[in-house]
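Colleague: Please take a close look at one part of this model and then work outward from it. Explain each term once, in a form that a first-year student can follow.

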Amino acid sequence: MTESLLTADGVTKVFGGVVANDNVTVAVPAGAIVGLIGPNGSGKTTLFNSIVGHHPIDAGSIRFAGREISRLRVAEIARLGMVRTFQQTRIYGKMTCVQNMQISVPHAREGLRTMFSRFPAEVTEKAEGLLEFVGLYAKRHLLAGDLSFGQQKLLEFAMALMNEPRLLLLDEPTAGINPTLINGLMDRLKRANAELGVTLFVIEHNMRVIMNLAQHVYCLAHGQLLAEGPPDEIRGDQRVIDAYLGAH
Amino acid sequence: MSRTAALYGAVGVAALLAPLVFPAFQTQLAFLWVMVLFALTWDVMGGQMGYNSFGNVFYLGLGMYVTAVVQRDLYFDVEEYAHVAGAVGTLSAGEYLTGLALGLALAGVAAVLAAAVLGSGILGLRGHYFAICTLGLGIAAGEIAGGIDYIGAGSGLVTPVFPDALGRRGMFFYYLFFALAVATFFTLRWLYAGRFGLAINAIRDDEDKAEAMGIHTTRYKTVAWCVSAFFLGIAGGGVGNLVGFIDPTDVAFAGATFGVWMVLMAILGGKGTLWGPVIGAVIFHVTQELFWTYLFGWQRVALGALIIVIVVFFPQGILGWVRQRWPERFGHRVDEEARAPGGGA
């Protein structure tokens with residue numbers, strides 16, 4: 001069996017007396033779309049933060065593309081090809097959409113000469129192409145901070161794609177987006193996965209979205225892995241239903 | 001494009017003719033370009049990158065001392081020079097220019113090295129912590145310089161006498177600073193339009209996001225400080241010679257005057273814009289000179305009132321206000337014709 005693109009093995013993260021993640025093991029195979037669900041406060045975002053190197057983990061190991069990354073820093077991990085989006089959408093507000101996209105190019109190889117260089121025309125073309133892909137082309141010369149929340153989410157997604165990641169971690173990509181736009185976003189996530197070959201690991205509260213999108217779903221509750229399996233199985237799992245209804 | 005060229009042309013011609021039209025104000029006009037240099041270099045960090053530095057004056061003073069020491073040690077005996085406060089004979093035009101050129105070059109190099117070392121240590125701090133730390137930097141430098149005999153300690157250092165063969169002193173330094181300001185302006189214009197500019201803007205807008213996207217934040221921050229220090233160090237070398245006497249706390253590491261003015265001018269004109277610091281510096285310098293002339297005795301009070309007016313009524317600066325009022329002038333627009341097919345959003 002070949003190793004998954006991302007493997008978190010027995011990850012534990014403790015904040016003071018609170019065990020946010022307790023011995024959590026997940027695997028994201030290359031090319032897949034994997035979902036992560038769980039009630040509020042179940043430790044989903046903490047797991048994301050541990051994976052991308054935002055804070056050190058207390059136990060366990062995290063491997064990405066055959067390499068231990070649990071001791072690397074955020075920017076180093078990002079340069080390896082793992083990019084995350086934020087639950088509270090983060091974009092560069094005082095820069096235009098195109099500038100937001102341009103600066104999101106991969107930064108893996110960057111010497112002093114590259115730092116002082118201009119963006120070649122291909123980068124701008126690609127940036128505009130991706131803005132078209134998420135439906136923001138007409139607004140490309142506006143300041144990103146002037147966009148609506150939903151549009152900022154789309155921009156953040158496009159910026160992540162601009163970075164050419166191998167794995168994209170999305171933290172609630174559809175939160176705060178209107179239902180019509182959600183369908184469009186789901187379609188784009190699937191296309192990014194199929195056409196651009198980006199592996200996706202998605203935190204989502206919207207069950208319709210995650211059941212539709214993911215091939216495999218992990219469910220967390222109280223920091224522990226409660227259940228995992230194909231979406232249909234998870235949906236019928238009594239433990240998952242109980243967790244969401246607050247039986248724990 | 002042609003309008004931009006016309007603007008640059010007009011400013012250039014006016015600047016070249018200014019010292020000839022107003023020969024009595026050559027030194028003040030030279031200081032005008034010094035102010036422009038102060039504001040432009042401060043804005044690299046404070047405006048474009050969002051790191052308010054109160055310690056940039058450190059590079060100014062460093063540049064002054066390096067240049068003056070090179071000028072002195074090249075042609076004079078240190079002991080004798082200190083004893084007679086620089087009056088040990090005049091240099092020929094060639095000697096003076098050689099010393100000055102070498103001194104300015106080394107000032108630039110020294111400032112860059114200092115910024116690289118200090119930056120890698122201090123630039124891990126963010127926001128107010130960084131500001132306070134840099135404030136300490138400027139003050140400490142003044143105290144330390146005042147204790148080193150080799151550079152004149154507390155009694156300061158005199159720069160070599162300007163040779164008569166080179167014409168009028170004010171005129172010479174006017175064109176020196178004008179050239180340096182132009183070089184700085186266009187270098188920054190080039191840098192801001194590329195990867196460097198966008199990267200430091202990204203750090204200003206959201207440093208955590210920039211890190212999450214893989215940007216080498218520490219590297220960009222350090223390089224930004226080096227760029228700022230380079231031009232400021234060279235400017236410092238020139239200022240030392242223009243003033244003629246380098247006092248460690250009142251001229252070289254003058255945090256309460258030069259150090260504060262840098263920040264004010266950039267904010268007045270509009271920080272984070274290319275022209276903002278230039279406009280701010282011109283307005284500030286002209287106002288200040290007028291205060292000295294017409295409100296003597298009250299000039300500090302008037303300056304303080306001006307500062308309050310700036311901060312209260314123009315928190316975004318003149319150009320920042322203009323940009324907010326007419327965003328389309330700055331290229332922020334919606335393309336109507338492209339809106340239909342784009343759809344969705």
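Modeller: Strands β4(A) and β5(A) form a hairpin with 2 residues between them, and Ala65(A) in that turn has a positive phi of about 50°. The model is predicted, so local features need pLDDT of at least 70 and side-chain atom pairs count only at pLDDT 80 or more, while totals for chains, interfaces and linings use all residues. Residues are numbered from 1 along each chain as its sequence is written, with chains lettered from A and ligands numbered from 1 in the order in which they are written.

Strands (E, at least two residues) and helices (H or I, at least four) are DSSP runs, numbered from the N terminus. Two strands pair if DSSP finds at least two bridges between them. In the hairpin, 2 bridges join β4(A) to β5(A), residues 67-68, and the two strands run antiparallel. Arg63(A) stands opposite Glu68(A) of β5(A).

β4(A), residues 59-64, also pairs with β1(A), residues 6-15, in the antiparallel sense over 5 bridges. Here Ala59(A) in β4(A) is the bridge partner of Thr12(A). β1(A) pairs in turn with β2(A), antiparallel over 7 bridges, and Ala8(A) has Val26(A) in β2(A) as its bridge partner.

Put together, these strands give an open sheet of 4 strands in the order β2-β1-β4-β5 of chain A, with antiparallel pairing. β2(A), residues 18-28, and β5(A) stand at the edges with a single partner strand each, so one side of each is left without a neighbour in the sheet. In a regular strand the side chains alternate between the two faces of the sheet.

Chain A has another open sheet, of 6 strands in the order β6-β7-β8-β3-β9-β10, and its pairing is mixed. Its edges are β6(A), residues 82-84, and β10(A), residues 224-229; each has a single partner strand, so one side of each lacks a neighbour in the sheet. The twist averages 15° from one strand to the next; axes are lines fitted to C-alpha atoms, for helices over the stretch in contact, and angles run from 0 to 180 degrees between N-to-C directions. At the β6(A) edge, 3 bridges join β6(A) to β7(A), residues 167-171, and these two run parallel. Met82(A) stands opposite Leu167(A) in β7(A). Towards the other edge, helix α10(A), residues 238-245, lies across β9(A), residues 216-221, and β10(A), running at about 135° to β10(A).

Chain A also meets chain B: 39 residues of chain A are in contact (C-beta atoms, placed from the backbone, within 7 Å) with 32 residues of chain B. On the chain B side, α8(B), α9(B), α10(B) and α16(B) each supply at least two residues. α8(B) gives the largest share, 7 residues. By class, the side of chain B that touches chain A has 14 nonpolar, 10 polar and 8 charged residues. Ala, Val, Leu, Ile, Met, Phe, Trp, Tyr, Cys and Pro count as nonpolar, Asp, Glu, Lys and Arg as charged, and the others, Gly among them, as polar.

How values were computed
Contact = placed C-beta atoms within 7 Å.
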